[in-house]
Every structure is written in C-alpha cells, then in structure tokens.
Amino acid sequence: MFAAQSAFTEFAGRVPERLWLALVVLVIGVIAAFLVGVINRRLLTRAGVPEAIEGTAFERTVREFNTSTVRILAQLSSYFILAVAVIVALTVAEVNYLDRFWSSVAAFLPRLFVAAVVMIVGVVVGDKAELLVAERLRGIKLPDLGVLPPLVKYSIVYVAALVALGQVGVQTLALVVLLAAYALAVVLFAALATKDLVASAAAGVFLLLRQPYVVGDEVKVAGERGIVQEVDLFVTHIEADGEDHVIPNHSVFRDGIVLIRE
Amino acid sequence: MASLTDHLSDLVEDADAVLLFSPTSSFHDRFEDGDTEVVVVAPDNDVDADTFVELPLPFDNVKDRIRFGIEGSMDADLVSEGDEVVCIASVFDGGSDAVIRVTVDETVHTGIYDLFVNSRAEPSVIRDVFELAIELGQKGQKGKPVGALFVVGDAGKVMNKSRPLSYNPFEKSHVHVGDPIVNVMVKEFSRLDGAFVVSDSGKIVSAYRYLEPGAEGVDIPKGLGARHMAGGAITRDTNATAIVLSESDGLVRAFKAGELVLEIDPEEY
C-alpha cells in the first residue's frame, strides 16, 4: 500500500508541472464543452427552433441519421470549445515544435465554426422559406409556379454559402458579382412584368375606395358600354349583351369613366 | 348466408363503374387492380385517385350525394346514360357501409352538380353561401329562426332588377362571403327583410334589396312563401343562383333557372 503510494508520488513528481496544468485545462475544457452543448440544446429547444424548422428537407435528412438540427448545432458548439481547450492545453504543455501550426489553427478555428453555423442556418432557413412559399402558392393551382419555391430556397442557400466562404477566407468576389447580376435581373424582370399590374392595382385602390361606379351601374369605360358586374383590385368586369368585358383598371383610369343615367 | 352473398353479387354484377364516396386510401387501393372504372367522390383527393369528383358539401342526404357524384362523373365523361353504376358510400357515421346500384338516366339528373360547378359564380362562392345559410339556419338570430335570401352571381343584372329597401350596409365595404366577420354581420342584417346580393367572386354587393323579377311561369312547390317565389323568379330572369333559408320550416333551398334544385335541412349538418 505504502509502496504503491510512494511510487505514485515519485511518478507524479517526475511528470512536469505544466503537463498537469495542461491536463486540468483539458478536463475543464471537456466539462465546459459538455455543459455548453446541453445548455445550447435546451436554449434552442426553448426558443421553439424544432417546431419552426419541422418538415424542412435538412431536418428530415438529419432525422434519418438519428439526430436533429438542434443537436448538430449544440454538438458543433461543444466541439468548438473542445478544440479551443485542446489548443490551450497544448500551449500550456509547451509543445514547441508545432507552435506555428497551432497558432494559425487557433486563429482559423472560430471562423470555421462561424462558417459551419452560417451554412447550417442558411440551409435550414432556405428549406423553411421554400416550404412557406410552397404553402402560400398551394391555393393557386398553377404548376408553372412550382419553380418559385426552389428558387427562393437556393437564393438563400447561395447567400449563406457566400457568407460562409467569406468567413473561411475564400475569394468570393466573382460569386458576389454573379449574385448582383442575378438580383438585378430579378428586380428588372419583376418591374417590367408587373408594370401594368402595379398601375392597375393603384387605380383599383382608388376605384374601390371612392367607388365612382358600383356593381349594377351602366357605364362606358375604355370604349365598352355595359353593366358593371364586378370591381376588384386589378380589373373591372363589364357585361353587355352576353359579352363580359374584363378591363384592366389602369385603362379605366386613363380613359375616364362615363356613367350612363336614363 | 348463401342467399345474402348471392344477392350482393347480383347487385354488383356487370357494373360499368364504381363510385367510391370518401374512401380510405387502403380501401381505395383494393379497387386499383380491378377492371371496372373507379371514380372517387370526396371533399379532397386524399387518395390521389386519377378520376376524382370534388364534393363541395358533405351532403348528409345520401341520395343527393350519389346524384352529385353521378352528375359529376357524367360531366367528366366517366359514365354515360344507360350505364349501371355501383356506389359504395357511408350512410351512418364511419366507414363505407352501403352498396347501392343506380342506373344512370334522366331521372338522376337534377342539376345538383350544375348548381355548384356550372353556375356563374365560382363553386367555392356557392359553397360558402350554402354554409352561411346552413349556419344561419342552425343558430337563427338570438335563438329565433330567421329567413334569408341570397342571390349569388350576375350581380349587375340582379341590381338592375331590384331596388333598395333601405340604406345598403355593405356600401363601400369589401367583405366576401367566407370571411369570418360575414357570419356575424349577416346574422344581424338578416333581421331586416330583403335579399343579399352576392357577386360572381363572392363579394357581398348589397343587402336589403327588394327583387322585382317577372314571376310569370315560375313553378315552385306550393306552400312556399314570397321569399322563395322572389328567389326562384330572379333566377329565371337572370343567370343568378338563389339560396333561400326558409323562416317557417328552416330548410335551405337552392333555385337555378327558376327551378328548385336542392333542399337541405341545416339541422342534419
């Protein structure tokens, strides 16, 4: 018993003090990593993240691997702290020959971590946006609009990838230029395509608010004479002799309205 | 037991098509491999059937439900006159419990499908007005039974064939049937007499309208009052559909082209 104890003291004495310190740092690091992981998971769950991202493609994929997005994020933070602890421990232990390498890794690590988090959040938000857009469009039964939800998703993922790549120091200028060109095209096309619609809607707001004519009035607008059947935001339906004229509101506004009274 | 099974096989023998009313997906799958044509009639196409007829109201009356299914199938050229059709439906609550054999002919054609699908107004608008009338019939106004008359579609012509009884509460408002607030508003306004005019897209154009159609030649069942006569007559003069809640017997009736098409008891929904 005594012999064993003396042998242990002798062994402990031989091992340099900084090694013990490094070991303590490592243990504290492991505990901290574990705690941060658990707390993060609780916080994310509390914040309603699992409900918010339910049904997204990313969440479903990770579910197949018996894990979840929240768990992956929590584990990522754990690994980050663990890695920092390992580097601190190595520094304390003065492992000199790898000094340069480790210092650059230590500087790089936080950025890698941020990049990974940005990427995961980007993918999840993209998935969620795709789901929401698809849900909104479900009422409109038009198969051609099916390209919209993936477009929204990949736009978000693309931006997230840009941010992530920027974090890890990859040159992203070309990609940013591409993004700008794409955004410009979208804005330009949207403006061109909806020019008449926006003008009609503006006129429609006036027609609905002031009601210069109402359903049942006989009017002459844009060269068509008949009975008003329907006024909505974009168009006015005017019926005459079994012909239903659908007139865009901006032309009603531009050409004026003739109210016909007997 | 043998005679029962014989009877059942007699019933389904040589059927040209089978109509499944709101089947479960496993029940539907059992019919997939057969050689008779299968038509699913349900509120939603949950089973991803190729041939599907949408049921706008869960008709409690099985006859109406079957008529709607057959007329819908005829409209889509799935069955034609003279065909023998077997309907599998649920009469009591729960699963499919009835097998009914129907021969498709003129007597089945009552226009109940036309009422929803081929009206001027959109099918969802007709359905929403029906639901409104049914709810009004169930609850009444402050517990007392009320009557109501909704004229749906062709609002321009209807407005020209009617005059206001009072200030129009829906002027400069943009409420549509199906908006949650409408139930409350209509309940209050139903105290006063007159018709509600609803446009093709479901906008409530006016309340308190006194309809002035020519009532000559309108043939509605005897015993119905002025409200039904006015509703029936306006649908003859215009392309509108009239949905009438009777104050005396509490039934909801639909008129189209001057004829009574559908009769529903709100208490059964």
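I began with the pairing of β2(A) with β3(A), residues 235-240 of chain A, and found the two strands running antiparallel and joined by four bridges. I keep in mind throughout that the model is predicted.

Looking for one specific pair in this ladder, I noted that Ile227(A) has Glu239(A) in β3(A) as its bridge partner. I then checked the connection, and β2(A) and β3(A) turn out to form a hairpin, with three residues between them.

Next I followed β3(A) onward to β4(A), residues 243-248, where six bridges join the two strands, again in an antiparallel arrangement. In this second ladder I located Ile238(A), which stands opposite His245(A) of β4(A). The link between β3(A) and β4(A) is also a hairpin, here with two residues between the strands, and I wrote down that Asp241(A) in the turn has a positive phi of about 50 degrees.

I then turned to the meeting of the two chains, where I found 10 residues of chain A in contact with 11 residues of chain B. On the chain A side, the element that gives the most is β2(A), residues 224-231, with four residues. Sorting that side by class, I listed four nonpolar, three polar and three charged residues. Strand β2(A) therefore enters my notes twice, as the hairpin partner of β3(A) and as the top contributor on the side of chain A that touches chain B.

Last, I looked at chain B as a whole, whose secondary structure comes to eight helices and 12 strands. Of its 269 residues, 40% count as buried. Among the contacts in chain B with a separation of 6 or more, I recorded that 59% are between residues 24 or more positions apart.

Note on methods
Residues are numbered from 1 along each chain as its sequence is written. Chains are lettered from A and ligands numbered from 1 in the order in which they are written. This is a predicted model: local features need pLDDT of at least 70, side-chain atom pairs count only at pLDDT 80 or more; totals for chains, interfaces and linings use all residues. A residue is buried if 20 or more other C-beta atoms lie within 10 Å of its own, exposed if 12 or fewer, and partly exposed in between; C-beta atoms are placed from the backbone. Two residues are in contact if their C-beta atoms, placed from the backbone, lie within 7 Å. Ala, Val, Leu, Ile, Met, Phe, Trp, Tyr, Cys and Pro count as nonpolar, Asp, Glu, Lys and Arg as charged, and the others, Gly among them, as polar. Two strands pair if DSSP finds at least two bridges between them.
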